[in-house]
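Me: Please take a close look at a single helix in this model, and tell me which of its residues are buried and what they pack against.

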Amino acid sequence: EIRKYFAKCYDDNPYRRVVAAESIRSHLRFSEAWLEVIIKQMIQDRIIEDCDGGFALSEYEVKFSKRDVDDIAIIEKTLQNNNLEPTLLIKIIDITGHNSKRVKDLLHILNGQGKVNVLGHELYLHQTQLKLIISNLKKYFLNKNSMAVGDFKVITGLTRKSAIPLLEYLDKNNFTHREANMRYAGERLDE
């Protein structure tokens, strides 16, 4: 039953290797306790793997066509060419000419490869830009204890509209820490 469900998930979305545990449980109508027993045995038998966000069949590999590789490269270049500005999903769709599902699938692949960060609000930022922003924040906090939104805008050259979601991402991921309207260096800023 579980193998059949994985096969169905992979047929429906061949780019997503990981299937959420809750999805498996609700589809197969197993109790949490029973699913846990089955999953443990399947992991022990090396049929499935425990992954971040769920489980995957051990032998399943995402396969990319030449078109997939080319489209991924176009999306990555689009994000890289946007300076430090987070890129809206709709802009990526407009540039590539692909439908929303395809673009989201390819962004999911780039995110899984650690090349793209999902900021939320259908905003994406390439990892190279995030590293540059983090480097700029490290330099800023060498001389200052706190940072206002306006300071962040100056550091990044962003508008308030794109600075706020990026700051929320940095707060959520402990690069910065928010108290009232000020940001402070977060625990991960020292990494």
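Reply: In this predicted model, the buried residues of helix H1, which spans residues 2-12, are Ile2, Tyr5, Phe6, Cys9 and Tyr10. Viewed down the axis of H1, these buried residues fall within an arc of 135°, and they therefore line one face of the helix. The general geometry behind such a pattern is that an α-helix has 3.6 residues a turn, so residues three or four places apart point the same way. On the other side of H1, by contrast, Lys4 and Asp11 are exposed.

As for the partners, the buried residues of H1 pack against two helices, H2 (21-28) and H3 (32-44), and against two strands, E1 (48-51) and E2 (54-57).

To place this helix in its setting, the protein chain contains nine helices and seven strands, and 41% of its 191 residues count as buried. The C-alpha atoms fill a box of roughly 60 × 40 × 25 Å, taken along the principal axes. Of the contacts in the chain between residues at least 6 apart in sequence, 53% join residues at least 24 apart.

One further residue deserves a mention, namely Asp105, which lies in helix H6 (residues 100-112). Asp105 counts as buried because its relative accessibility is 6%, where the cut-off for buried is under 20%. Leaving aside residues up to four places away in sequence, Asp105 touches Asn13, Tyr15 and Arg16.

Key
Residues are numbered from 1 along each chain as its sequence is written. This is a predicted model: local features need pLDDT of at least 70, side-chain atom pairs count only at pLDDT 80 or more; totals for chains, interfaces and linings use all residues. Side-chain values use heavy atoms; hydrogens and water are left out. Helices (H or I, at least four residues) and strands (E, at least two) are DSSP runs, numbered from the N terminus. Buried means under 20% relative accessible area, exposed over 50%, partly exposed in between (1.4 Å probe, protein chains only). Contact means heavy atoms within 4.5 Å. The arc is that of the directions from the helix axis to the C-beta atoms.
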